[in-house]
Structure formats: structure tokens, C-alpha cells
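Here's a quick briefing to read with the model open beside you. Take it topic by topic and look up each piece as you go.

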Amino acid sequence: MPTLDIEKIKKEVVDSQLWRSVFRGGVWKDTPRDRAGHIIGNVWLHLHPVKVRPRALEWLYTWGMGGISFALYLILTLTGVALMFYYRPTIGLAYRDIKDLEFAVTLGMFLRNAHRWAAQAMVVAVIAHMVRVFLTGAYKKPREFNWGIGVLLLTLTLFLSFTGYLLPWDQLAIWAVTVGTNMAGATPVLGNEGPLGSLVGMRINNDVRFTLLGGTMVGENTLLRFYVMHCVAVPLVVGILLILHFWRIRKDSFSAAPYVANEEKVDVWPHLVKREYIAAAATVLFIMVWSILQNAPLEAIANPNVTTNPSKAPWYFVGLQELLVYFDPWIAGVVMPGLIIVGLIAIPYIDTNPKGVGYYAWKERPFANTLFMLGVFMWFALIYIGYALRGPNYAWYWPWEDWLMPKAAPPPTWSVFGPHGVAAYSMLLGIPLMGAVAAAWMLLPKLIQKELDGKKTMGAFLGAVALVAAVGMALGKMGPIEGAFLLFFTGASFYYGFVLPQRHIRALDWPRYLVTMVLVISTMSVLLKMCARLAFNIKYVLTIPSISMNF
Amino acid sequence: MSYRKAFIASNALMLAAFVWAFAKDFNAEWKPYQKKYYQMAADEMDKQAAAEKDGKKAAELKAAARKMRRSPLEVKQIISVDLGRYDRCVTCHVGMDEYTNTTLKNTFTEHPYKAHPKVDTALIKAHPFNKFGCTSCHSGQGLATTVDGAHGWIKHWEKPMLKGVTIQGSCVKCHDNFESIKGAEVAAQGKKLFNQHGCQGCHAINGKGGVISVELGDISDKPFERIAGYNFKRVRIDGKELPDEHHNSHWNIQNWIRAHLVNDPAEVTPNDPFAKLNAEPIPPSGMPDFTKEISKDEADAIVAYLSGMTKEEVIPYRYHVTAPPAKEPALTGAAHGKFVYQKYGCQGCHGLDAKQGRRRFNALADGQKEYDEKMPEAEQFAQMMLGAEPTLPKLMGTYTHEELVRKIENGVSAADAKKWSPKGPMPMVYMPAWKGKISKAELDDLATWLLSIGVKDDSGF
Amino acid sequence: MSETNPNPAPDSTPKAPAAPVAAAPAKPAAPAKPISRGDFLWAGWSMLAAFFAASAAAGARFMFPNVIYEPSQKFNAGQASGYDLGVSTKWLNEQRVWIVRTPSGFYAMWARCTHLGCTPNWWGDQNRFKCPCHGSNYTLDGDVIAGPAPMPLWRTKVELAPTGDLIVDKAVLENKPGKREHAPYFANYASA
């Protein structure tokens, strides 16, 4: 019996014309040349560099989140294309087709679950990736542009998820999208309900919301538009930006800093590629198991006449929805998200601190890291409040309270400077006063040249607020809870919005300083407005109804 | 762990997860039912073959049994294009699938194997399954292929399968003449009771009837989103709470209607009479307590009748069976007046035969104590519950015929009510203006009858 | 026949072909300035840019549908005499409008919360509209008394036709006190 010479067969196969025509290169000898050739000669792998720094292989450095996001994008593409075979985007059929996927299509339910859960996971992964990149200073020169592309990709990820939300055409979908798209109607100038909108002739049937919906309400056109955006237009743009994103990582080189000077780089094949594979496989496994155990939600068929109670946006937008409680739609739905996107893109250009590129550096970048993490924390805190603590009628329910039990009607709200407020002459008193406070807050941290003593300053500030609270309590205007609210929110705003900037960025040049302060003060204004509403039922601090300007 | 091991492990786990997912999908809930049906049906045929003396017939039966046993498992459905039904009920209820069970009859007694009862009756002959589907009559979720899903015992399916006599409500959807057809007797009784107790005095159906409360012409479409959940929690049926799960086998529109008949509505919807949650006090549901007048079976009949009140379902005109409006008895004078009183549902508030006014929360009535601010809340509540609509015979002495006609024509606004507790809520119920709704001739006779039953006022006024 | 025609067709008069011929010698008379490569490219680029800009503008315009399959914004709400004092939810399902009758006449309100467009519910017992989405509360007049809504409910145009029918037009809206109490947002109707 002839012995089977595996090596000989292998060589014959690899040397055959067929094999050679498909795979370039010969028998694998694991030489450095082979390893490099594997990366360079393979269209799928050549977006990698041939070698990377050892730190780039560290799980605790990268968290694997960039790769996992891309893996999820691929899962979403595959499951999404599969779902398209059974889904028809019309009002009469969409909901039924989802029911069919659930009940009558082989693996239909599994695919729908996988698509749904991978979309949610991708939002989380992309945000985590951004946090990692920020904390390791990987956006700094020369990677500013790629950070900007990353921010756009995050925005598009959210938009993709949002457009997909409508497609099942159930009550969850129609009301989440109604809440979401009405924010667009509040866009200044371009929206019919936004400030200045009516001045330039914006009506319900010609503004930016109308374009988005393809009509004046969420209907047949909207479903088709969202379908096309979800399945074709946005994935195409995301794909192009992804190529650009990867290409720039390759060209700008990976951010990880060397452990020691003149350290030897390691081969991407196999060291990085095998890690990527494990991350991707774990992602696929995670999504599969999640999809087996948990079904995607599907509520009753969409009914424009029956509003669900409470109506909530998709969870990643619930933070913005919670902001809508405190601010007018054009601020909460347009200005705030706009500031977040523009502010994120601007970060690399205003952060001139050269330290902390390619490693975690809390001590070297205290201001940047603290405020960025505060922003991320606030985003998720608002999501938690909106998602878990808001019950029917959007009333505040603690986790131990039953949503079925009725709540007292909300107390009447009032405005400080406005027609019915304490000072009726908003123009005369409110605008100058508010302007003066804002200007002082903007300028003082830089104008005070000497670094303030943090403890003493905070002590003095909290003492003053406590005095105000004590007077308020003595006059019966507030109780201890309101006092605590006041102390906490103003204290936090003062610390993060005044003491920290004064300590760390007063040396920044004026343009960068002012942009930074605008972003910082906007963030703090959220805290302050939450305090004003939750503790004192203040609707607006300043309202000028004639031009729909309310703050 | 080395990456080589992780590579092998992750691939093995992915494969395992895929097999798990596929197995879960493959082992669909409906398959064992269909499989068992084929077996049972084949066994039955084998039994017949064994008993059959004619050899050729026995062989045929055996072959048929073999074929039945080998039938492929598949999702079966009835498509009713006209009614927009896609009903997969026959996937499990194979005995009701006319292609598998051509006679539509079998000897099985258990669901889902048993055949549809009464297939030989005119009722079923007139409603062939392949034309009407299943859910047109039974409701439920036709697209579903799971037990809970198909019967609608899940969240977010608002039309669960109709139980028991309630199914007669489905006759009402198309048959305007349902009162005279066989098989819809319970729904017909429901309509009779509805009018007899004066429900139409407050509730209109398709625009006919009072304006005090909800229009019931589409009551079975009422979204649960519009029923506060905690009100369901207060419902008692047979003295028991509805099972505390927000899925629609219990928290459904049938039980919501029933709740108003077998409970005191003021207990189901107590609202906020002492302004604990709101700036102003809000009276409990204005609907009177019918528990002493309407038995449980009668309540079921009314539920059956109202279950047919839908506007959501689009039914082609040729499926409708029209009926001429019911003839009114030829009566004159006071006798006609009494008929008019019932026709417009005056008894809904003023009581059967105008004998005793029903509850009107926080209105002034006989037998109440004097209002006292210091009275405990529970006692105040009890006093407010004693408030009542006028008992008409007691009032009649002070009216002339013309005055009475005018009063009925113009009604009495809610704001004019004399409250027992000045701090309490304004009564929810009021006397609407009947002008234009009750014809002049009817009004005259109504007034005549009312004056005839009035308690004569001999006090000298 | 052509004495008033300012733009005669080229072949309508024998003179027409002569004109360009007469003008033609004038051009070569100007000092010949050779077109440089740079200038030519500039022209090319600008035309390409114009083409892109025009395409983008047309693309934006393309996204505005010229016709939409939505029901007409106008509807006939029936006989005015058929309404009782107070809020009627008769048209809520079909038209998303409340008809409110006051002692002096009618106004109609669009049942759309000014916060984010949910449909508030009328709570007759509490005399207010309550929005289930974010908890805005409105009075019978449509003014905000609680919740995040930034402005009062919109009132629609409402007219009393000579036939006694109420004609409601949801495309014409107003919510400013002082304006909304007058025509065309209020239809006078003496109570019977």
C-alpha cells in the first residue's frame, strides 16, 4: 500500500496552474518576505501596514473596538441583504412581511434579530471606539482629518440605525421616527417650526422635514425614502468613508506609542490579523447567541391616530429626547447635536497639548479627558433617565414605581425673564443680565491670570450658593431637596465649567480658547437647565416669544 | 490561551451557535401538531382498512394512509383576498384544512386535531373557509404559527381570538339583520339588552344615540393605548382580578366592556374626586352601576354584540347583508310616550320606567347628609356616591306640558348642576339637548306619558 | 404679415443671412490674443463646477415631491348646529382636528402637540388636553399650562358656509392670542 505523501500532494496542488492563478505567491515558508507578501499581495489585507508597534496588539490599548465595529458593519450588510429578499417597503405590506419573517421564513426571525441587535451593538462599539481614540490622544496631528471622518461615521451609524427603525412599520417605529423627524422641523431657518423659519416662508409642505418625510407626515413616501436611505444611499456613503478611514490609518500609521525608544515593530501577519480574527469571531458569536435568546421587538401595526404612551425615540437618541424636556426643539434637536458633531470634529484643532499620543495619559491631559468623559457620561446619563425613568405622559417614575399607577399632573412652570415671569421686561433686563453672565463666564477664566486655588474657589462658590439656598429655605421658596439640587448642579457646572478651564486652558490663544469655552458652557447649560426645571419648575430662563427665542 | 486554541474554539462555537439557531428555527412550534395529525389521520384510515371487507377499497385506504403519513410538513394557509386574510391556523388545525381533510370531518375530539364543528350547517355552508378565512369570524393573528401568537395571547396584538358566545359579534360586522338570523341569538339579545337598559341614551352607535359618552360604533377597535393600565387592575370578573399580565388574553377589549357591566364603573375608573393628583377634582366614571340589573350572562351578550363594532376592518359591500329598519309598534298617546322613553335610552339615567334616577356623582339627592367640611373623606365619598339623577315622577307636578317639552329639547348643562360638596367635582353626566333628535310628535307623547306618571302635587302650588 | 414680428425667422427675409456676414469681419479686426492654456483650463473647471452645482441643486429639488398622496387639508365638518358646547372629538380620528363650540361661535384646533407632534387626548373631566409623549397640558383655548410644549396648540382656519356647514382648512394655522380669536380662525355663530 503506497504511503500518502501529504507534503508532495500539497506542493502539487499549490504549484498547479489553477491554484497559482487564484493565489499569488508560492509555498508558505513563513519568512518575513512571506509575511509581508501576505499583507501586500492580498486585496483584503493590504489596508494593513506590514508591521505595527507591539502596543497596537494590546487588547487593553485598542479594546478591539474599531475592528469590531467593522465586523458588525459586515454582519449588518449580510443580514440586511438577506432581509431585503422578503421585505417590501409599502404601508400595506411592510408590517406583514416582518410578521412573515417572524413566522414563516426559514431563519427569518434569527436574521431579523441579528440585524437588529448588531445595529444596536454597532452604535455601542462605535462610541466605545471613539472614547478609546480620544483617551489615547490618537486624534492628534497628523490624524485630525481621520478623527473628523470617524465623527461623520459615528453620525452616519446613528442615522443608519434611525432609518432602519421605521422599516418594521409598527407603533414603535412610527412614533420614534415622528419624534425624531419633528426635530428636523424645528431647524432654524430651514424648518417650519424653527426660529426664523416662518420669516423665510417655511411651511409644513416645503421645509427640511418635508424633504426627509417626502410628505407632511410619516407615511408611504417616508417609508420608501427611509428604505432607500437605509439600504442604499447611506451604506454607500459609509462604505466610501470607511475606505478613506482605513486608508488614512494606514498612511498616518497606527497611533500606538512605542514602549521603548527604537523598538522593533512586529509583523501584522500573523500577530495583528489573528487578533482581528478572534475579535470578529467573538462578535459573530455574541450576535448569534443574543439573536437566538432574545427576539427583536415588534409592536402593533403603525397607527398615526394612536400615539403610544410614552413615545420614545430609539435608545441612542433618548438622551436628546430627554433634552427636549428642558429645551425647545430647535436647541435640543438641532443646535445641541450640531454642536456635538462640530465640537467633536473641532477637538483635534483646539487641543494643542502635544502630550499623550498613543497611550493613556490621565495626568498629562487632565482637562481634555475630564471634560470629554463628562460629556460621554452625561450622554448616557440622559439616555438612562429618558429610557428608564420616564413613564406614561413622560412623567418621572423611579425604578421602584409602577408605570401603571397614575402620577400627579406636573406643576405649572414659569419663566424667569418673560411675559409672565418675575421680570416682565425681558428685553430690558433679561437680555443684558444673561449676556453679562455669559460674557463673564466666557472671559473670566482667561482674564484671571493667576491660577485660582481650586479648594478655596470651590469653597467660596459653594458657600455662596449654600447661603442663597439658606435664604431661599428661610423665605419658604425652596425645600432641602431643591437646595441640594441647586448645590449639586451649580457646583458641578462651576467646577467643570470655570475652575478647570481657569486652571488648564487660560494660556490657550484666544480663538481656540473661545471655541473651547463655547463647547464647555453649552455642556454646563444642560446641567443648569436640568436643575432649573427639576428643582424650580422653570420653563425658560429667558423668553422672547415674538421671535420664538426661548432659553 | 494561545491564539491557535482560540481560533479552533471560536470556530467550533460559531458552528455550534449556528446549529443551535437552525435547530431552533427548524423545530417550529407548529410541526409536532401537524405531524401528530398526519399520524392520527393515517391510523384512523388503517383502522378503517382493517375493518373494510372489500379488498380493493382496503388497499386504497392503506395507500392513502401511507401517503398521509408521508405528507410533508408545511405552513398551510387560507388566503381570503376579498377580506385581506392570510390565515395560517390550518397549519396546526389540519382537520379544518379542506385539502388535507376533504370532508372537513373527523372523529378527533381534541384541539388542534378536531374538525370544525357544525360543518354541515347552513351557517358554515354560507361561509366557506377558503372564502372567509378563519380570523374574519374568530379574530386572532392569522399570520402567526405559534400557539400564543396565533390566538393573539401576546402583547401588541389587539384582537385576540374571540371566546365562546362572543364570536357572535362577528355576525354583527356584516349582517345588519343579525337580530333575525339563526346563530346570532346571543348578539341579538345583547342589542336588545343594550337598548332596554338605556345604554343608547349616553352612547351613540354609528352616530345614533346620546352624546354623553364614547361612541361605540368602533369600540372593538379601541386601542389599549387609550385604556389606562391601572384601570384594568381594578376590574373584577367573577369576583376575581384579571390575571396580572399585560397580555391580551385577559387585558382585552371584551373584558374592558364586560368590566363596565359586571363591576361598578366608578370602581373601575375612580379618577380623582379629592384632587390628589390633579389641580381640580375629577369625578369617577359617570356610568351608572348596572351590576344589580344585568346578570353575568346578559353582560356576555352585550359584550358579544359590541364585539362586532369595528370600523377598522374593511369589508367589501357585497359581503354586507342589509336589513330594513325595525318597524316601530303603532302606539299613540302615553303608551307611545313610554316607548319613546325607552327608544332614546332615557332609562340609562332616569331608571327603568322612570322609577328611580340613577347615580350622578356629587349631585344633590334625597337621603344625603348635610355637607360638612370636617367629614372624613370616605364618608364624603359615600355621600357623593348617593348623588342621583332626578326621579322623574317626583318632578312632574311642577311642569306644564310645554315646559316639559322645552326642557327635554334644551337639556341642562353640567355647569348648572347643584353640587353636594362645593369642593367636589362637577358631575360628569348632564341632560343633553334632544332637540332635532326626538321628533316633535314623539316629544309630545313622551311628555304626555311623563306627566301621566307624575306624582300629583297637592300642596297648592 | 410680419411687420410686427420683432424676431423674424432667419429665412423670412432675404436680409437675415447678411447680418452675420456683415459682423464677421469685425472680430478678426480686434488684436488677436491667443488663448492661454491656463485660461482655457479655468473655463473648463468653472463649467465643470457649474455642472456639478446645477446637478446638486437639481438633486435637492428632486427630493421635494411635487405631488403627494395625502388627503386634502380642507374638509367639511358638517352642520354647525350639530355641535354641542365644548370640545367635539368627532373629527379626531379622520381629520386630527377638534371642533370647539363656544357660546359665540366655533374654532377648530389641530390635534398635534406643538412640542413634537404627538396627538394629545382631550380630558373633558379635567378640562384640558394632555399629550402622552412628553406630558404637555393645554387649556381649552390651547394655551400651555404644563409640560415642555413651546407654544399654544394651532388653530385652523374655519368658516361657516352659507349652508350652515363648517369648512375647516388645516393648511392655514394660527396660534397667537389676539389673532386666533378672529376670522378666519374663528367662526361667529350665535347660539340657538
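What follows is a short tour of domains, a helix pair, a sheet and a chain-to-chain contact.

Keep in mind that this is a predicted model. Chain B gets most of the attention here, starting with its split into domain 1 (30-45 + 71-151), domain 2 (164-319) and domain 3 (333-453). After that come its contact with chain A and a small stop in chain C.

**Domains of chain B**
- Domain 1 of chain B is assigned in two pieces, 30-45 and 71-151.
- Measure from C-alpha centre to C-alpha centre and you'll find domain 1 and domain 2 of chain B 30 Å apart.
- The two do touch: 7 residues of domain 1 of chain B are in contact with 6 residues of domain 2 of chain B.
- On the domain 1 side of that contact, helix α6 (residues 135-138) of chain B chips in the most, with 3 residues.
- That same domain 1 side breaks down into 3 nonpolar, 3 polar and 1 charged.

**A helix pair in chain B**
- Helix α2 (residues 30-51) and helix α3 (residues 55-69) of chain B have axes that come within 8 Å and cross at roughly 170 degrees.
- Angles over 145 degrees count as roughly antiparallel, so that's the label for α2(B) and α3(B).
- From α2(B), the contact uses Y38(B), Q39(B), A41(B), A42(B), M45(B), D46(B), Q48(B) and A49(B).
- From α3(B), the partners are A58(B), L61(B), K62(B), A64(B), A65(B), M68(B) and R69(B).
- Sorted by class, this helix contact has 10 nonpolar, 2 polar and 3 charged residues.

**Where chain B meets chain A**
- Here 30 residues of chain B are in contact with 30 residues of chain A.
- On the chain B side, the elements giving two or more residues are α1 (3-26) and α10 (229-233).
- The top contributor on that side is α1(B), with 14 residues.
- By class, the chain B side has 18 nonpolar, 7 polar and 5 charged residues.

**A sheet in chain C**
- Chain C has an open sheet of 4 strands in the order β5-β6-β7-β8, with antiparallel pairing.
- At its edges sit β5 (121-123) and β8 (144-146) of chain C, each pairing on one side only.
- Strand β6 (residues 128-130) and strand β7 (residues 137-138) of chain C run antiparallel and are joined by 2 bridges.
- To find your place in the sheet, look for K130(C), which stands opposite N137(C) in β7(C).

Note on methods:
Residues numbered from 1 in each chain as written. Chains lettered and ligands numbered in written order. Predicted model: local features only at pLDDT ≥ 70, side-chain atom pairs only at ≥ 80, totals over all residues. Domains from an automatic or database assignment. Nonpolar A, V, L, I, M, F, W, Y, C, P; charged D, E, K, R; others polar. Pairing = 2+ DSSP bridges. Axes fitted to C-alpha atoms, helices over the stretch in contact; angles between N-to-C directions. Parallel < 35°, antiparallel > 145°, perpendicular 65-115°, else oblique.
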